[in-house]
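Me: I've just opened this one and need to get my bearings. Can you walk me through it?

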Amino acid sequence: MLEELRDQVFEANKALQATGIVKYTWSNVSGFDKASGLFVITPSGVHSDEVTPDKLVVCDLKGEVVEGTMRPSTDTKTHAGLYAAWGDKIGGAVHTHSSWAVSWSQSGRDIPCYGTLHADYFYGNIPCTRAETETEVELSYEETAATLMVERLAADGSDPISMSGALVKYVGPYAWGKDAQEAVYRMDMLEEVAKIATLTEMHNQGVQEAPRYLLNYHNYRMHGTKGFYGQQ
Amino acid sequence: MMLKELREKVYEANMDLPKHGLVVFTWGNASELDRERGLFVIKPSGVDYDQLKPEQLVICDLDGNVVEGDLNPSSDTPTHAYLYKMWGDKIGGVVHTHSTCAVSWAEAGRSIPCYGTTQADYFYGEVPCMRGLTAEEIEEAYELNTGKVIVEGFEGKDPVALPGCLVRNHGPFTWGKDAAAAVYHAVVVEEVAKMSRDAELLCLAAGKKPEDILAPQYLLDKHYMRKHGPNAYYGQK
């Protein structure tokens, strides 16, 4: 089932590996089918060279396997949680352990918006969730990761379209988009933005966030109703 | 020629080191043990990776004596030999590199604290930095004593749950069930060395203490167990 979506997720996973931000099997990619409420995700621990569309796993919004002979990614329930909350707004999600973003996750800090590259894709600071409690880790580790991202965006007054990624404390980045391919693109951006922000702080220890009016302008020209970036 | 299959495996593992960006020039070596025969295959000393051929690899015994091979084995051979001698029932491959980020922790004389799950997936705690060798130890038998210092530093630690370490002022040594696993763990150590460095810088820049960002023990337990415990659910059955 979902042959077309399988192909999309397969291609997105290949594109993710081509970015060079993934070591070994330290990533997972999924794509969501709004009509059926099911999503397709990469299998756990399988090297991308060995992933084929038929090895991808179809899951429901509880993270249970609906079709597939392989085990889905260990983080499947996190993806399920994101689609359960935001399935009307996003159609693809990605998780990696890309090193620059991970170090922000480990420091427990939001990535401050220091410039326009960041503002073009992430409208505001990229949030880092709180740590899970011992009970949460024990009872619902992967589900809670999604809950924490969803709650944090809501608390910030952000929506998953203008803020297309978040950091899970101690773990690493998640990114999402209208489909799996866009989620991969956003993840690549997030890693780049994380790198630039780290280096920015090294160059200027007292650096301030970019002014809000600059963010507004950049985000608007890219995504606003009269946006003029790109081709018509 | 002995151990033809093992030569191929060790050759591939050595070639993976520059491919993963862990080694420049000839600054690395990988080996693998043949448990039944009590012999291991290791890279020859100072041979460029682009010149290396499987038949140039050297076979040694657990005292580091050459059993087969025309070239000198890696100068770190006695370290590999000692690790196999002491831990040969638990490990089957050893790798040494001078990968930049890991070396800088070794030079700082610091263990890499566990700040997150990337590390916890493979290391059940910090990547430990060993004590420095004394002048006498260096003079007497530097490479053998490097192995001894590692084994000494692992007293009360399990080399399976902590598949690598930093040798002070020197660099990372990693191991695993075979040479390929040891290479994998060398990649892990370099990645977490980079991540932990930046996590500390970001933490200090925000006026926090590095102790405050250590991953809690229950999270280490969860990540290590979901990958390696009896009820592990990472990977395929």
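Me: Let's start inside. Which residues of helix α2 in chain B are buried?
Reply: They are B:Thr77, B:Thr79, B:His80, B:Ala81, B:Tyr82, B:Leu83, B:Tyr84 and B:Trp87. Buried means under 20% relative accessible area, exposed over 50% and partly exposed in between, with a 1.4 Å probe and protein chains only.

Me: Before I trust that, what kind of model is it?
Reply: This is a predicted model: local features need pLDDT of at least 70, side-chain atom pairs count only at pLDDT 80 or more, and totals for chains, interfaces and linings use all residues. Residues are numbered from 1 along each chain as its sequence is written, chains are lettered from A and ligands numbered from 1 in the order in which they are written, and side-chain values use heavy atoms, without hydrogens or water.

Me: Back to α2(B). Why call it largely enclosed?
Reply: Eight of its eleven residues, in the run 77-87, are buried, so the rest of the structure largely encloses it. (Helices, H or I with at least four residues, and strands, E with at least two, are DSSP runs numbered from the N terminus.)

Me: What covers those buried residues?
Reply: The cover includes β1, β2, β3, β5, α5 (135-153) and β7 (171-176) of chain B. Contact here means heavy atoms within 4.5 Å.

Me: New topic: the sheet. What's the strand order?
Reply: It's an open sheet of seven strands in chain B, ordered β4-β3-β2-β1-β5-β7-β6, with antiparallel pairing. Two strands pair if DSSP finds at least two bridges between them.

Me: Which strands sit at the edges?
Reply: β4 (66-68) and β6 (164-167) of chain B; each pairs on one side only. From one strand to the next, the twist averages 25°.

Me: How do β1(B) and β2(B) connect?
Reply: They form a hairpin with four residues between them. B:Gly38 in the turn has a positive phi of about 65°. Four bridges join the two antiparallel strands, and B:Leu33 stands opposite B:Phe40.

Me: And on to β3(B)?
Reply: Four bridges join β2(B) to β3(B), again antiparallel. There, B:Ile42 stands opposite B:Val58.

Me: Where do the β2(B) side chains point?
Reply: B:Leu39 and B:Val41 go one way, B:Phe40 and B:Ile42 the other, and all are buried. In a regular strand, side chains alternate between the two faces of the sheet.

Me: Last one: which strands does helix α1 of chain B cross?
Reply: Helix α1(B), residues 4-19, lies across β1, β2, β3 (58-61), β4 and β5 (93-97) of chain B. It runs at about 155° to β1(B). (Axes are lines fitted to C-alpha atoms, for helices over the stretch in contact; angles run from 0 to 180 degrees between N-to-C directions.)
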